[in-house]
Amino acid sequence: MIQPGDLIASLGSWLRGFLLSLGLAPGLVSVGLGLLPAILLPLIGLMMAIPLIWLERKWVARLQDRIGPNRVGPFGIFQVFADMVKIFTKEDLIPQGADKIIFSLAPVLAIAGVVGIWAVLPFAADVYGVNLDVGVLYVIAVGTFGTLAILLAGWSSNNKYALLGAYRAVAQLITYEVPMVLTLLVPVLLAGSMGLNDIVRAQDSGWFVLLAPLAAIIFMIAAQAEVGRAPFDLLEAESELVAGFNIEYSGMKFGFFYVAEFLHSFTFGALGAAFFLGGWLGPGSERFPILGVLYFLIKSLAVYFVFVWTRGTFPRVRIDQMINLSWKLLTPTALGLVALMAVAERATQGTPPLVHALVLLAANLFVLFFALLVMRSMSRAARERLASRQAGSGSGMVAVGGSRAPAGAASALRD
Amino acid sequence: MLASRGEEKMVPLSWYLVFSAALFSLGLFGVLARRNAVAILLGIELMVNAVNVNLVAFWRYLAPTRMGGQVFVVVVFAVAAAEAAVGLALIISFARLGRSVDADQADLLHG
Amino acid sequence: MSLAQVLFLIVAAVGLLSGLMVVTVRNLLHAALWLIVALFSVAVLFAMLNAGFLAVVQVVVYIGAIAILIIFAIMLTRREALRAGAQENRLWPVAGVLCALVFLGLAWSASRLPGAQSGPAQLPGSDALVALGTALVSPDQYVVPFEVASVLLLAALIGSVVIAGDRLRSR
């Protein structure tokens, strides 16, 4: 009855038979079984956060040449549970003068903004919440709830530093929404549909990361900024604005924000895997959906690992540099990429797949070349500005020769 | 959604129209009766949304094959966004100059 | 009362209730949040009317951009707003009566429309999303309003940056 390959469908039909045999009305059973994925999917998503947090802490630690949590249980596996216990038992404060309803609503919106994306993730050929034909836009729409949550959290804390942190966070999030939406147009263009499952299926002749690598790169950068991970983690810059917009949050409410952030970056890893790495595609994944889920998981973890890798490697970017990067570099690049890809895609409509792939790759490299030119002139201008300010102020800065180094880091230290 | 059987009652068009009329009147009340400029803008947004509901209801019920209804709504989205942006920019620059954002008091063009 | 009707009544009730709260609450930020609820209920109505694309665009554009912009404006004009007096101006009863009359007139004429009591027409079998996209860019359909709308957005973008931006610092 339960075939190992088609595990989920056979489990579903077994459950239906079981409930019907208990004497429940068929309509009720249908509704109940329809609601079951709606309850299970967020639960699974939230439970995934537990091993993820442990994994990330170990990875980041190794990248930073330390060991990470290793006291609570073998290899520190139970560290996350210890953190959970701490968060549960902390006092749940509401600061005086804060807007109570909004203060309590903000963490809920933050989690909703992440878990809502799980409804459209294609885990396997037929394993998904719902196959919206506007799936990509739905992902963006749900993401805006997270932005709203941050703004409300900062405002309702009755704390001007929280508010400042919230302003900067929202500025960052809205700014990076633009290149994200534009780069997501590229897989939509190549697949001819906005539904995530269709995008995954369209990659069986070639993963989109090979056909449009520049789009994948811009998506990765924009995704990290959307989630608020380093190098864009001004959202919660622990060493700057005293943890940003969630200063006043403690206990379970803070736990919500914490889990939302981890889950958000894994969810973007899953999205990156679906859009660019072929989702659940792989040998045998059509016949055995469980294999599809496995492939999807592995690919999401791979993208997630790249996120963790950049987190452990790069220093933090300043807010104005970050916003400049988006508006002046990423958005024009993404626009040019979409335009050129549209032309290239249309021009190679009937040609053999190899020609099609090579033309698209060429379009990508073309846009990348121009983007690098722009980047070079921008950094040269920044370096000259820095050098003239150094010469003008005549301060006793030691690293004169080394100031040719990343202008961003040097100016971040001085400004 | 479940496939509708022949005798299952649908929502008549008039319900949508009455809803949008009610939302429009609420927005109109907000525009006419509130003093704060941003609150007036909230009323305007309600009115625009009521119009959108009206348009989509008519599109769906009377001419779902002609895309003009949805195109109209898309254009209304764009216009409402443009108007909200410019209106809020005006209000913010007013406030930055120290002028009142009370619509009854901000009535002199100079200054 | 079929399921569709019950659902519509629930969503419409939420929408109208939040609309009422938008125009009556004192705290402006709460009014903005009630507006978000109203906008979301309108998005649900769009989805019920088989206009899924418009529903999602409604959330992205209105809730994700305009509502956040409104909240920013409320936060940035707080000091000036605190100096003002009551929330309603002197003539609000007149406005109330006027709006009630407007509503009655609209509702009456709406229910008298031919075809107002009928159910929805048949949806076309083809993909509505593709049809919308084609309609927006095809030269014999609606490409001109589409382009004009984008020019309008560009003008609004430049205009609002000029109006609300700081005076150019001498950097």
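**Helix packing and chain contacts**

Helix α1 of chain B passes helix α5 of chain C in a right-handed crossing. Keep in mind as you look around that this is a predicted model. Below you will find that helix pair, then the side of chain C that touches chain A, and finally the domains of chain C.

**Where chain B meets chain C**
- The two helices are α1 of chain B, residues 13-33, and α5 of chain C, residues 92-111; their axes come within 9 Å and cross at roughly 160 degrees.
- Because angles over 145 degrees count as roughly antiparallel, α1(B) is roughly antiparallel to α5(C).
- On the α1(B) side, the residues that meet α5(C) include B:L17, B:V18, B:F24, B:L28, B:F29 and B:L32.
- From α5(C), the residues taking part include C:W92, C:L98, C:C99, C:V102, C:F103 and C:L106.
- Sorted by class, this contact between α1(B) and α5(C) holds 18 nonpolar and four polar residues, with no charged residues.

**Where chain C meets chain A**
- Here, twelve residues of chain C are in contact with 13 residues of chain A.
- Helix α3 of chain C, residues 52-76, supplies the largest share of the chain C side, with eleven residues.
- That side of chain C is made up of ten nonpolar and two polar residues, and no charged ones.

**Domains of chain C**
- Chain C is divided into domain 1, covering 1-82, and domain 2, covering 129-171.
- Taken over C-alpha atoms, the centres of domain 1 and domain 2 of chain C are separated by 24 Å.

Key
Residues are numbered from 1 along each chain as its sequence is written. Chains are lettered from A and ligands numbered from 1 in the order in which they are written. This is a predicted model: local features need pLDDT of at least 70, side-chain atom pairs count only at pLDDT 80 or more; totals for chains, interfaces and linings use all residues. Axes are lines fitted to C-alpha atoms, for helices over the stretch in contact, and angles run from 0 to 180 degrees between N-to-C directions. Helices (H or I, at least four residues) and strands (E, at least two) are DSSP runs, numbered from the N terminus. Angles under 35 degrees count as roughly parallel, over 145 as roughly antiparallel, 65 to 115 as roughly perpendicular and the rest as oblique. A crossing is left-handed if the near helix is turned anticlockwise from the far one by less than a right angle, and right-handed if clockwise. Two residues are in contact if their C-beta atoms, placed from the backbone, lie within 7 Å. Ala, Val, Leu, Ile, Met, Phe, Trp, Tyr, Cys and Pro count as nonpolar, Asp, Glu, Lys and Arg as charged, and the others, Gly among them, as polar. Domain bounds come from an automatic or database domain assignment.
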